[in-house]
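Trainee: I should like to go through the terms used for this model and see what each rests upon. May I put the questions in turn?

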Amino acid sequence: MPRARKSHHVRQDVTRLPAGSDARWRAEFRQAQYERALIGIQGDLLGGPAVEVFRASPKQPAPQAWTPDYAVEWFHDLGPEEQALRLAADPQTPFARTTRAKLTAEDLAALLAAAANWLRVGQAVRITGAPLTFDGSDERRVGRTGVIWRLCSTVFADHVYVNLDLIGAERSEKVVFVELRDVAPID
């Protein structure tokens, strides 16, 4: 069943943005997403605000079984003696430690060189991995698709912003900050 909501969308004036710029591409992409989802606008007979009717987003596919390619050591799985040693050494010891290695300068250079062929704003990508988080939010992103929304500065050259495709009951765009090693291009 289509979802209706009160009309408040204002068409962006993309002509004020320079042609070929990333900002203009993002504005045009947002407008295309809006127009693709819009079924129609129903005016109110009694003078109330118009109602926009949208197509439902595709249902979320069953998540793939994903296990990290690194080991996770949970604090509560350690014996009492080991816990005491860790707390004595560092009272702020984390609840979990991961063996996911930080990229070395050589690995980062190789990753950026490999991505130079496909890494551009607007490239369709799939999230293939994630770091450990306590709430599991990153793990839920594995398998999701989207487009490269924004490239980062040289400080975060190994990260990108990805605008995720809407699924299920999602209505607002989700732009996530992802490590470059965790995305793969979709041809």
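The discussion below takes the terms one by one.

Mentor: Please keep in mind that this is a predicted model. The chain has four helices and 10 strands, and from the N terminus on the elements run β-α-β-β-β-α-β-α-β-α-β-β-β-β.

Trainee: What makes β6 and β7 a pair, and in which sense do they run?

Mentor: Two strands count as paired if at least two bridges are found between them. Strand β6 (residues 124-127) and strand β7 (residues 145-151) share three bridges and are therefore a pair, in the antiparallel sense. Ala 124 of β6, for example, stands opposite Val 147 in β7.

Trainee: How do you know that β6 also pairs with β10?

Mentor: The same cut-off of at least two bridges applies. Three bridges join β6 to strand β10 (residues 183-185), so these strands pair as well, again antiparallel. Here Ile 127 stands opposite Val 183 in β10.

Trainee: Which strands form the open sheet, and in what order?

Mentor: Five strands form it, in the order β9-β8-β7-β6-β10, with antiparallel pairing.

Trainee: Why are β9 and β10 called edge strands?

Mentor: Each of them, β9 (174-179) and β10, pairs on one side only. From one strand to the next, the twist averages 45°.

Trainee: What makes β8 the partner of β9?

Mentor: Six bridges link strand β8 (residues 159-164) to β9 in the antiparallel sense; pairing asks for at least two, so the condition is met. One of the bridge partners is Lys 174 in β9, which faces Leu 164.

Trainee: What holds the strands of a sheet together in general?

Mentor: Strands of a sheet pair through backbone hydrogen bonds, whether parallel or antiparallel.

Trainee: Which side chains of β6 are called buried, and why?

Mentor: Buried means under 20% relative accessible area. Val 125 and Ile 127, which point to one face of β6, are buried and therefore fall under that limit. Ala 124 and Arg 126 point to the other face and are not buried. Across the 187 residues of the chain, 29% count as buried.

Trainee: Where does helix α1 lie, and how is it oriented to β7?

Mentor: Helix α1 (residues 22-37) lies across β7 and β8 and runs at about 155° to β7. Angles are taken between N-to-C directions on a scale from 0 to 180 degrees, so the value of about 155° for α1 and β7 includes the direction of each element.

Note on methods
Residues numbered from 1 in each chain as written. Predicted model: local features only at pLDDT ≥ 70, side-chain atom pairs only at ≥ 80, totals over all residues. Heavy atoms only, no water. Buried < 20%, exposed > 50% of the residue type's maximum accessible area, 1.4 Å probe, protein only. Contact = heavy atoms within 4.5 Å.
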